[in-house]
Amino acid sequence: MLRWAIIFFIIALVAAVLGFGGIAGMSFEIAKFVAIIAVILFVVSLVMNGMRGRGTRI
């Protein structure tokens with residue numbers, strides 16, 4: 001998922017250099033949204049893994 005954020009960020013940079021302001025802005029917003037979702041899923045994964053590993057072992 002983080003790969004998609006990087007791809008959209010690169011698209012935004014290229015579009016900004018070429019002068020396509022609307023496309024650059026939209027690509028940046030998509031990249032930001034996907035990056036935030038990736039970070040949230042990463043944190044949830046860490047928490048769930050931490051909770052699962054606290055059981056007693058025999």
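This is a conversation between a student and a tutor about a predicted model of a protein chain.

Tutor: In this predicted model, local features need pLDDT of at least 70 and side-chain atom pairs count only at pLDDT 80 or more, while totals for chains, interfaces and linings use all residues. Residues are numbered from 1 along each chain as its sequence is written, and side-chain values use heavy atoms, with hydrogens and water left out.

Student: What does the secondary structure of the protein chain come to?

Tutor: Two helices and zero strands. Both terms refer to DSSP runs, numbered from the N terminus: helices are H or I with at least four residues, strands are E with at least two.

Student: How do you know that the reach of helix α1 is close to the expected one?

Tutor: The expected span of a helix is 1.5 Å times one less than its number of residues. Helix α1, residues 2-18, has 17 residues, for which 24 Å is expected, and its first and last C-alpha atoms are 25 Å apart.

Student: And how do you know that the span of α2 agrees?

Tutor: Its 32 residues should span 46 Å, and the end C-alpha atoms are 47 Å apart, so the two values agree.

Student: Why is Ser27 called buried?

Tutor: Buried means under 20% relative accessible area, exposed means over 50%, and partly exposed is in between (1.4 Å probe, protein chains only). Ser27 has a relative accessible area of 8%, so it is buried. Ser27 is found in helix α2 and touches Phe8, Ile11 and Ala12, not counting residues up to four places away in sequence. Contact here means heavy atoms within 4.5 Å.

Student: What makes Ala38 buried and Leu41 partly exposed?

Tutor: Ala38 has a relative accessible area of 15%, so it counts as buried. Leu41 has 49%, so it is partly exposed. Both have their place in helix α2. Ala38 touches Met1 and Leu2, again leaving aside residues up to four places away in sequence. The C-alpha atoms of Ala38 and Ala5 are 8.7 Å apart, although 33 residues separate them along the chain. For Leu41 and Met1, the C-alpha distance is 9.7 Å, with their positions 40 residues apart in sequence.

Student: Which residues of α1 are buried, and why are they said to line one face?

Tutor: Ala5, Ala12 and Ala15 are the buried ones. Seen down the axis of α1, they fall within an arc of 90°, so they line one face of the helix. That arc is taken from the directions from the helix axis to the C-beta atoms. On the other side of α1, Arg3, Val17 and Leu18 are exposed.

Student: What do the buried residues of α1 pack against?

Tutor: They pack against α2, residues 21-52. In turn, α2 has Ala24, Ser27, Ala31, Val34 and Ala38 as its buried residues, and what covers them includes α1.

Student: How many aromatic pairs does the structure hold?

Tutor: Two. Rings of Phe, Tyr and Trp (its six-membered ring) pair if their centres lie within 6.5 Å; planes under 30 degrees apart count as stacked, over 60 as edge-to-face and the rest as tilted.

Student: Why is the pair of Trp4 and Phe8 called tilted?

Tutor: The ring centres are 6.3 Å apart and the planes are at 35°, so the pair is tilted. Trp4 and Phe8 both lie in helix α1, four residues apart, about one turn of the helix. Trp4 has 52% relative accessibility and so counts as exposed, whereas Phe8, at 22%, is partly exposed.

Student: What makes Phe9 and Phe28 a tilted pair, and which parts does the pair tie together?

Tutor: The distance is 6.3 Å centre to centre and the angle between the planes is 55°, which is tilted. Phe9 lies in helix α1 and Phe28 in helix α2, so the pair ties together parts that are 19 residues apart in sequence. Phe9 is partly exposed at 37%, and Phe28 is partly exposed at 37% too.

Student: Why is the contact of Lys32 with Glu29 called a salt bridge?

Tutor: A salt bridge is a side-chain nitrogen of Lys or Arg within 4 Å of a carboxyl oxygen of Asp or Glu. The closest N and O atoms of Lys32 and Glu29 are 3.6 Å apart, and the two form a salt bridge. The structure holds one salt bridge. Lys32 and Glu29 are three residues apart in helix α2, so about one helical turn separates them. Lys32 is partly exposed at 39%, and Glu29 is partly exposed at 42%.
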